[in-house]
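Got your viewer open? Here is a short tour, with one selection after another and a note on what turns up at each stop.

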Amino acid sequence: MQVTEHIHALKIPFQVRSFSGIPVERFVYAYLIYGEQICLIDCGVAGSERVLFDYVRSTGRTPEDIAMIVQTHAHLDHIGATRALKEATGCIVAAHPDDMAWIEDLDLQYKERPIPNFQSLVGGSVAVDCILEDGDVIDLGNGLRLEVLHTPGHSNGSISLVLHADRALFSGDAIPLAGDLPIYDDVLASVKSIKKLKDVDDVKVLLSSWDDPREGDQVYQRMDDGLRYLQRIHEAVINVVCDDRSLVSNEAELCRRVLVALGFPEQAANPLVARSFAANVKVIRERDLVRG
């Protein structure tokens with residue numbers, strides 16, 4: 001669907017597996033910026049290239065118009081189709097250096113962040129052609145410029161992007177969705193990154209990877225909601241660990257108990273969520289994450 005004058009959004013469903021092997025339904029957004037050429041922000045899981053190509057053709061453009069893929073980070077649901085897209089179009093792949101290794105070496109990513117259905121979600125390693133740092137500006141032509149913001153927390157190399165012409169902010173997975181399964185590596189960095197995004201003036205459209213596009217008053221409200229949710233999660237982790245200190249060394253059981261405390265079924269526990277709660281344990285002495 002078209003969101004703004006230059007931006008189109010595609011919602012791509014996929015599944016991750018729980019500790020018990022139960023599939024957990026997820027989705028991710030990929031965004032296309034239409035200028036003289038097309039810039040793709042993330043690309044979904046393996047096989048998503050077919051959906052992307054069909055959509056591009058339906059709008060009167062061709063897949064060969066895709067000149068660049070900007071990866072907001074290296075997780076599989078964002079890079080799964082990158083190799084296929086690059087091979088088909090010859091496009092440039094751009095990412096932050098802190099996530100580059102996981103894009104170029106999937107064996108390394110699996111070793112450091114194993115999930116049960118890893119291989120089904122990604123089409124292969126791919127070389128990063130362009131390094132993006134905080135403050136960089138990508139010139140897309142026709143007066144379209146993307147500003148890069150380093151927003152770690154969900155991953156070390158997570159970035160967000162501002163398309164000033166459309167007053168649009170692509171936040172990747174930097175802002176957790178209240179009531180959704182949380183996924184992050186560094187909770188304090190996540191808080192800091194959301195605050196950084198709140199300081200971006202005059203954003204009219206928020207384009208998250210795991211939430212529907214938001215406009216108007218909902219933009220900054222979503223950021224405030226994300227901060228409150230991180231604090232709520234942290235308090236749940238503190239309470240669960242205080243009740244049973246042995247859970248500090250048992251991530252799977254800690255995950256189940258915290259999920260129940262947050263109102264989720266324990267069957268939703270999976271390695272990615274367990275990794276998130278383990279990040280809270282590392283800073284458990286911090287009581288108020290938001291006010292610091």
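How much space lies in the largest cavity? About 180 Å³. Keep in mind as you click around that this is a predicted model.

**Stop 1: the largest cavity**

To find this cavity, select Phe-14, Asp-77, Arg-113, Ile-183 and Leu-272, which are the closest to its centre among the 18 residues that line the cavity. Next, colour strand 1 (7-17), strand 2 (23-34) and helix 2 (76-79): these are the elements that give two or more residues to the lining of the largest cavity. Colour that lining by class and you get ten nonpolar residues, four polar ones and four charged ones.

**Stop 2: the second largest cavity**

The count of cavities of 30 Å³ or more comes to four, so there is another one to visit. The second largest has a volume of about 50 Å³. Select Ile-175, Pro-176, Leu-177, Leu-206, Ser-208, Asp-211 and Arg-222 to see what lines the second largest cavity. By class, this lining divides into four nonpolar residues, one polar and two charged.

**Stop 3: the sheet**

Switch to a cartoon view. What is the order of the strands in the open sheet of six? Reading across, the order is 1-2-3-4-5-6, and the pairing is mixed. Strand 1 and strand 6 (130-131) stand at the edges with a single partner strand each, so one side of each has no neighbour in the sheet.

Now zoom in on the middle of that order. Strand 2 and strand 3 pair in the antiparallel sense, over four bridges. To see one partnership there, select Tyr-31, whose bridge partner in strand 3 is Ile-41. Strand 3 (residues 38-41) also pairs with strand 4, this time in the parallel sense, over four bridges. Here, pick Cys-39 and look across to Met-68, its bridge partner in strand 4.

While you have strand 4 (residues 66-70) on screen, is it mostly covered or mostly uncovered? Mostly covered: four of its five residues are buried.

**Stop 4: the largest pocket**

Met-68 is worth keeping selected, as one of the residues closest to the centre of the largest pocket. About 180 Å³ of space lies in this pocket. Add Gln-37, Ala-67, Asp-139 and Leu-140 to complete the group closest to the centre, out of 14 lining residues. Which elements give two or more residues to the lining of the largest pocket? Strand 2, strand 3, strand 4 and strand 7 (137-141). Strand 7 supplies the largest share, three residues. Coloured by class, the pocket lining shows ten nonpolar, two polar and two charged residues.

**Stop 5: the nonpolar cores**

In soluble globular proteins, nonpolar side chains tend to be buried together. Here the largest nonpolar core has 81 residues. Select Leu-32, Leu-40, Leu-85, Leu-259 and Phe-277, the residues with the most contacts inside this core. Then highlight helix 8 (residues 218-243), which provides the largest share of the core with eleven residues.

For one last close-up, centre on Leu-32. Leaving aside residues up to four places away in sequence, Leu-32 touches His-6, Ile-7, His-8, Leu-10, Ile-38, Cys-39, Leu-40, Leu-52, Tyr-55 and Val-56. Finish with the second core, which is separate and has 24 residues, including Ile-7, Tyr-31, Leu-132 and Leu-161.

Conventions:
Residues numbered from 1 in each chain as written. Predicted model: local features only at pLDDT ≥ 70, side-chain atom pairs only at ≥ 80, totals over all residues. Heavy atoms only, no water. 1 Å grid on protein atoms, 1.4 Å probe; cavity = no way out; pocket = protein on both sides within 12 Å on 5 of 7 lines; lining within 4 Å. Points joined across faces, edges and corners; volume = space filled by probe spheres on them. Nonpolar A, V, L, I, M, F, W, Y, C, P; charged D, E, K, R; others polar. Core = buried A, V, L, I, M, F, W, Y, C linked by side-chain atoms within 4.5 Å. Buried < 20%, exposed > 50% of the residue type's maximum accessible area, 1.4 Å probe, protein only. Contact = heavy atoms within 4.5 Å. Pairing = 2+ DSSP bridges.
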